[in-house]
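Welcome! Let us take a guided look at a protein assembly, one part at a time. Keep the picture open while you read.

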Amino acid sequence: MKTYIAKSLLQVIPVLLIVSLIVFILVRVTGDPVALMLPETATAEDRAVLTQALGLDQPLYTQYIKFIGSALQGDFGTSFRYGESALPLVLERLPASFELAVAAMIFAVIIAVPLGVISAVKRNTFMDLIISSLSVVGKAMPNFWMGIMLILLFSVMLGMLPVSGRGGMEHLILPAFTLGVGLSAQMTRLIRSSMLDILNQDYIRTARSKGIFEIVVIGKHAFRNGLIPVVTIMSLQFTSLIGGTLITETVFAWPGLGQLLVVAVNTHDMAIVQAAVFVIALIVVISNILTDIVYRLLDPRIKYN
Amino acid sequence: MAGINPIQALGSDPDNPKQTLRLSAIGRVWKQLLRSKTGTVGAVLILLVSLTALFAPLLATHNPADIDPLNRLKPPIWLAGGVSEHWLGTDNLGRDMWSRIVYGARVSLIVGIGAVLVSGTIGAILGLLAGFYGKWVDAVIMRVADAFLAIPAILLMLVVLAVVGPGMTTLIFVIGVTNWVAYTRVVRGEVLSIKERDFVKAAKAIGSKNSRILLKHILPNVLSSFIVISGMNVATTIIMEASLSFLGLGITPPAVSWGGMLSDGRQYVATSWWVATFPGLAITITVLGVIFLGDWLRDVLDPHMKAKE
Amino acid sequence: GCGAPSTGGSKDSAASTSTDSKVLTIANATDIESFDPHNNNNTASEAVLVNVFDYLLKNDSQQKKVPGLATSWEKVNDTTWRFHLREGVTFHNGDPFTAEDVKYTIERVAKDNTLKQNSYFKNIKEVKVVDEHTADIITDGPDPLLLNRLSKMGAGILPSKYIEKNGIEAFLKNPIGTGPYKFSQWIKDDRVVLVKNDKYYEGQPKWDQVVFRSIPEASTRVSELLAGSVDIASGIPSTDVARIQGEDGKKIVKAPIQRVLQLILRQSQGSVTANPKVREAIDLAIDKKGIVDSIAGGAGIVTRTSVTPGNFGADPSLYEKTLYDPAKAKELLQQAGYAGAGPELTLSVSSIYKEYAEVVAAMLNKEGFKIKLDVLEPSAFSERYSSKSFKEMFMIGIGNSLFDASNNYNRYLLEEAKGETDYNNPKVEKLLQHALTNLDTASREKEYQQVQQILAEDRPAVYLFQMEGIYGTGNGVNFQPRSDEMFYAEDIASAK
Amino acid sequence: MSETAQGTPLLEVNGLKKYYPMKKGWFSQKSGYVRAVDDLSFKVMPGETLGIVGESGCGKSTTGQMITQLLEPTAGEIRFQGQSLSDLTDEEVRKVRRDLQFVFQDPYSSLNPRMKVFDIVAEPLQVHGIAKGKELKAEVFRLLQTVGLGAHLADRHPHEFSGGQRQRIGIARALAMKPKLIVCDEPVSALDVSIQAQILNLLKELQQQFELTYIFIAHGLPSVKHISDRIAVMYLGKIVELADRDELFARPQHPYTKALLDAVPVPDPRLRKERITLTGEIPNPANPPLGCTFHTRCPYAQEICRGQSPLLEEHTPGHVAACHFPLQKQMAHE
Amino acid sequence: MSTKLLEVNQLKTYFKTEDGMVPSVNGVSFTVNPGETLAIVGESGSGKSVTSLSIMGLVAAPGKVVGGEILLEGRDLLQLSKGEMRKYRGNEISMIFQEPMNSLNPVFTIGNQISEVIRQHQKLSKAEAREKSIEMLERVGIPGASKVVGYFPHQLSGGMRQRVMIAMALACRPKLLIADEPTTALDVTIQAQILNLIHRLSKEENTGIILITHDLGVVAEMADRVVVMYAGEVVEEANVFDLFEKPGHPYTIGLLGSLPKLTEQREWLDSIPGTVPNMMQMPSGCPFHPRCPYAQEQCTQVHPEIQAKDQGHYVRCLRMEEVSV
Ligand SMILES: Nc1ncnc2c1ncn2[C@@H]1O[C@H](COP(=O)(O)OP(=O)(O)OP(=O)(O)O)[C@@H](O)[C@H]1O
Ligand SMILES: Nc1ncnc2c1ncn2[C@@H]1O[C@H](COP(=O)(O)OP(=O)(O)OP(=O)(O)O)[C@@H](O)[C@H]1O
Ligand SMILES: [Mg+2]
Ligand SMILES: [Mg+2]
């Protein structure tokens, strides 16, 4: 187990190298950060001075080597926007992002599992059609629309939940639900198709032949097996949630990584972009490992091949 | 849904053995389409949307770019304050919602489907290669895929758009390039299991080259998962165009897209719901059509399904 | 949840303010950038920071300079100003405020060219400590704007001793100033929490706590206001005004701000807009009043100058005036030789002004122009802006943090205009050059007014309107918005 | 080895081994090997049928796949027409495959579900550029005819056929290149008796018609007996006995062979008997017992069997067995 | 009351397909007495599995039992509600499925899967059920049963898995056991072990057994009586001796003829020409006529009824009298 984790963690290195190279190039291709840092009235001379001060006048490869060197020490440079060291700024956002991502996944699962299972069991019925349609609506409904509507309903009209911001559990419900609905769409369809496969398996017939309750057949025998492909999509979704929930974060004024990252991208705040991408790459790799472990927990066969 | 029994509708007679003979390929597809409820619904929806896009100039009541600031945010005709001239109301600049929806169908369909084709092609090719060749090819491709997962899509898009400049082709390309990872992962997984199946060994045994095995034997067998992801991705793409529009990276006015309309309407969700809701509905209908049609297409491509359902 | 305060933005702040602790909650669209007043370049940050850091002198709500940390000041010679500092002022950590702090602060921003405010201050050569409560500020040439500079962001006085001892990093984690409110907490992209400074030199501050929340989505800010969890929400969309006014106890307050939305036209050789008739036609074809009334929801004031009242050098004869004559615009185009097909123009705009640009483009197209709209993502826009690579026309809202016409017009100096507008009028050049160092207020004002008249005819820019800030307030507060968009908590009264 | 077989063998296998690395534990470290095939040697003469029997998992398919170059041997040599296959380049292997065909155990999974029968049978011809256009069409129909399928079935998909028909498609595909050797991996196990008979007849017929050589893998002893000239019995990756068909059935020498023969149910209720079943633990190929691998289940096992692994020895001419205590003397047979 | 354990009368199970209702089991009747082993043979697709699934009440979605009776000790299973039927399954009647690997759920332990059926039908605690599971595993001859309960299916060999299936099926001492090709794909030495086991258990418990198999050797060895099915119908029913010695139906004769035998060597096997007809395009008259060497004009017209040839020997053939081995 330990060696496996160690080995998997080695994956991080190539991933990070690829990531760093892509990001480094991307950030530099997009344009001149100096222009964004200076006021509208700044002169050409001001720009030259700042460019030099930031080391942006050196050849790209020098900049890259320097960048990798300091990145290895956790130093991604100073954020232009905040004037602070970038990595702590990124790490500071992780709890909020994790909290939201986890809660959203929970909502997604709560919604998707029953719907997916029902539409598989009631395959090609009216019910199935309705659930399929609902999941498409869930997917096609933009997050901002949903978020704003939820706020209007639950916060403004009913006064049940806070409008926005991060705080206790009650702050988490609306944004997590908003995200969860979108995620659940894909999950529902995946659960449906994987359950359909499973329900045709011989061992389901065996389970039925034992005279156990249908709910046990579905809930125990089918579901546990059906969960396996769902884990893959969950890990993909989870990683994309960590950095990619800009719109929901914006609507709910949620101080997560998404807002930080997008503003950083927009303002060419390279240090933050690089630090954030590194952190997310790490999370991607860790979540790959965790997914593997969950697979093995769910499916005893995997151990042996 | 539809209460017609397609068999009866075709006038087939179960007692007449000739009827059960093999239909021609087109006939079979057609028959299957009618047979599957969701397939029919999907086909009708997509047909509707495509026709709308095609005949936009005939259907539109206004020029979709015509601005009338004094008549902005007029509600649809059935609400108080609605005007008969704009039956779906007007947007934030007083443009006719109906005409914009109608014209928006063009861009959204092209972008939605185009980008899915791009990302699907990239993703499928890489997934095929990774799964089939394994070893370092797999390692390299999957590490790059991980890297892409870690890089925020927005960053990629900003960069490409900054370098290439906006436009519909760029948009299709950019969205395509940022979305391939999911395809690669799924296709690779499928290939890993398919390549262990005996028919692949059989192809090897008769001396087929790898390229032939990939294209003739493996590719057709991963198509159905491919279609499943693609259906949902059409929605993702159209909505992604909306977020890009919001950042000023979408389709440039006066061209109209549903995504652009959505993002225009964002500010007015609370006060003038129709501005964002109608394009949202249009997207939903289209995606519903694509997904239903995809479900059916998967069944058609699957020779097993000929007998089932 | 962890780390977020449970006070402040609590569900019913109206109730909580009236009982034991008085909390003022303000919702802004953006967060502050930093607690370093020198390394900060946005109005939203300054609006918060003015409550923590004091300037030597400050602008009152009419933009008159009034004493701040300096009680009086005088010009010693063309390049030296002397400031007499207030005595008995302490920083939040108890350190006394002295001329050393002034020297440290002003020299830091003037010398360190990596600071975002540096370009506003780099003409300051040095600060001399005359005695503990007197400081001389020496510029490298005559600077009619020094006082303006000293009353804006970047001149917030920092505690020299504290920073020298702990370093700037530590200071930024726990910033201290001399202002009425002390730093308590900053959760980025969420909230800044300030608490009252009991030792404030002007007496007990009004509020126990001031919370600035950053809520980027306008409709969410409105919802927060309606739900009663914020007292003031800025940046209310015009379409939401009616909704807020319809609500019991909620109010809309507006004030013109320093930003004028304008089209800047290129006059370079060979560009379509080099023809004055075309530029005039553009001006005449746009119904600015219509735009203000519709898209802006009435929140704007049409103008033919970008120097609005309250700024030095304003010419009231051009303010609240507008031209609109589509027929004549058509005619002018014909005269300019565009009888059949109208001139093709590209209008670049940042996506934040997309709506306006779309309307303008439509209006121009109606009179025969062929406008290609080029909507850019804001950072791409900034970049094209600073590299001066727009085509014929771009739309931009230009502010003025110095409250002086020079800030508006330096862009038309020959040197600066090169590559952007390529505006070249020797008379304007002469007037502007002279005004730059003219220390005589009266003649300097005349010079700028003259410039304004000429520009209104030359039209290197077509001004659309001065924007207005729209705020929603709850019944707990009495808030008068300022044209500089600052939130001086001390000027915001509790309605109870 | 066999003195009855004269001339040069078509196929010669020497010391063939296949070890699969075995991954164990949670996180897949290598921890030993599954000895799927462990040191096989035999010869096949042209026109002959060699049957291979043995219990499930003893390495029959693995052997067949190594011979047809579908699996790479861990060790050992395969000589085909006198030429060692391991010396060939990939391209040459592709060419050799024309002469070496494999018929899969599961007729369904070895046919691409998305291809039409025509394309499946035509594929080898196209791959090797043997026929095109009209010629191709004619050839495919001829092949289908040969295995008893009508041309009208050519545009169906595999799932539209019965098991027997599918197996015929597989055979037609294998025949397309006129191979010299066909390895049939349990071609009839998945089929019911009446169809088994059809396929066995077909194989025999084709052998006569095209002078084919077969390696016929199965665990149904009656069918193996029916079709084979010689039969090899495998147990746990090794050949334990190899002899002419009639000799083997008449005078089995290895106790496992004997047990197999005894266990075959006889389709005659009058001959009903209590079948003698082996007891003892079925060994794990990843961890084979020391000495003779069969000793855990062998009723005759002695001390020596537990310590020393018996060699494959010729006890009577053309009849080899690996047993310390060959049976022909002790045991009476029917 | 009869002494019959199971009586199937005119069972009809149809599948709903694109081309309408397709009969899979078309009027099948037979009986099973306590302690008796009834073998069902017949070509692939002739409806053997569907018949057994119909008895279990497990015919899946497009399929439906559309007629007939299934009387277990006189009680018609088809009239039972879903809940009542569930109480019978795994308890009064059990089934062993063909593919042992696929018939056990890969993600639960053996013990879990056996206990489940025990606890469903008997009020036992978890620990007791586990004890019982171990006992069952021992009874089917699995060495180290107390360890094996904690194993997952993939850790067992095919033969062991099949025994687990048997243990599971017998855990509640059913009155009727249906074994659908329980030994296909197993090596003969293991096959023999399993068949012996089933045989012994049925004698000990007086369990009625329906054994479905292709292997006529197995039939000869195990069965008391045999039912031969063709195209969804019973074409012959006889005791095992009569069937092998005096087969009455041309199909049965063909089947016996196509067996390779260890005891004799023939150049060619007698296979039945042609294939089983498509259920959707059933030939008129006798479904076997296109393949039947005895077929005459009348066979293409008249669908034969099953009739007694001898005592306890029934054949569905118009030319029964003429047919001989
Ligand atoms: N890819 C593999 N990795 C690891 N072990 C394998 C692999 N393929 C086969 N084996 C093992 O090798 C041994 C021999 O397998 P093989 O398929 O050759 O058996 P077989 O004799 O054909 O059995 P059957 O009669 O069931 O087809 C078995 O123990 C099997 O588990
Ligand atoms: N889900 C289904 N849909 C349509 N037809 C079906 C379905 N399942 C079974 N059938 C049909 O029912 C008939 C009987 O099938 P069944 O499985 O009972 O055959 P069998 O006698 O058990 O064959 P085998 O010996 O191959 O197991 C076949 O013709 C089959 O095509
Ligand atoms: Mg095998
Ligand atoms: Mg069956």
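How many of the residues of helix α9 (residues 255–263) of chain D are buried? Here, buried means under 20% relative accessible area, exposed means over 50%, and partly exposed lies in between, with a 1.4 Å probe and protein chains only. The count is 9 of the 9 residues, so helix α9 of chain D is largely enclosed by the rest of the structure. Among these buried residues are D:Pro255, D:Tyr256, D:Leu260 and D:Ala263. The cover includes β3 (49–54), α7 (221–227) and β9 (230–235) of chain D, and also α8 (188–205) of chain E. Helices (H or I, at least four residues) and strands (E, at least two) are DSSP runs, numbered from the N terminus.

Before going on, some ground rules. This is a predicted model, in which local features need pLDDT of at least 70 and side-chain atom pairs count only at pLDDT 80 or more, while totals for chains, interfaces and linings use all residues. Residues are numbered from 1 along each chain as its sequence is written, chains are lettered from A and ligands numbered from 1 in the order in which they are written, and side-chain values use heavy atoms, leaving out hydrogens and water.

**How the chains meet**

A contact means heavy atoms within 4.5 Å. There are 8 pairs of chains in contact, and chains D and E share the most contacts among them. Chain C does not touch chain D, and their closest C-alpha atoms lie 35 Å apart. Chain C and chain E do not touch either, with 36 Å between their nearest C-alpha atoms.

**Salt bridges**

Side chains of opposite charge can pair when their charged atoms come close. A salt bridge is a side-chain nitrogen of Lys or Arg within 4 Å of a carboxyl oxygen of Asp or Glu. Over all chains, the structure holds 68 salt bridges. Here are some of them:

| Arg partner | Acidic partner | Closest N to O |
|---|---|---|
| A:Arg205 | A:Asp202 | 3.9 Å |
| B:Arg266 | C:Glu217 | 2.5 Å |
| E:Arg75 | E:Glu84 | 3.8 Å |

The pair of B:Arg266 and C:Glu217 crosses between chains, from a loop between α12 (258–265) and α13 (274–301) of chain B to a loop between β10 (209–214) and α7 (218–227) of chain C. B:Arg266 is buried at 5% relative accessible area, and C:Glu217 is buried at 5% too.

A:Arg205 and A:Asp202 both lie in helix α10 (residues 202–209) of chain A, 3 residues apart, about one turn of the helix. An α-helix has 3.6 residues a turn, so residues three or four places apart point the same way. A:Arg205 is partly exposed at 25%, and A:Asp202 is partly exposed at 22%.

In chain E, E:Arg75 is partly exposed at 39%, as is E:Glu84 at 34%. Elsewhere, B:Asp91, B:Arg95, B:Arg100, B:Asp264, C:Lys354 and C:Glu358 are linked in a network of salt bridges.

**Around ligand 1**

Which residues surround ligand 1? Counting residues with a heavy atom within 4 Å, the shell includes D:Tyr20, D:Lys60, D:Ser61, D:Gln105 and D:Pro285. Helix α1 (residues 60–67) of chain D gives the most to this shell, with 3 residues.

Polar contacts are pairs of N or O atoms within 3.5 Å; within protein, one must be able to donate a hydrogen and the other to accept it, and residues adjacent in sequence count only if both atoms are side-chain atoms. An oxygen atom of ligand 1 lies 2.8 Å from a polar backbone atom of D:Lys60. In the side chain of D:Ser61, an N or O atom is 2.5 Å from an oxygen atom of ligand 1.
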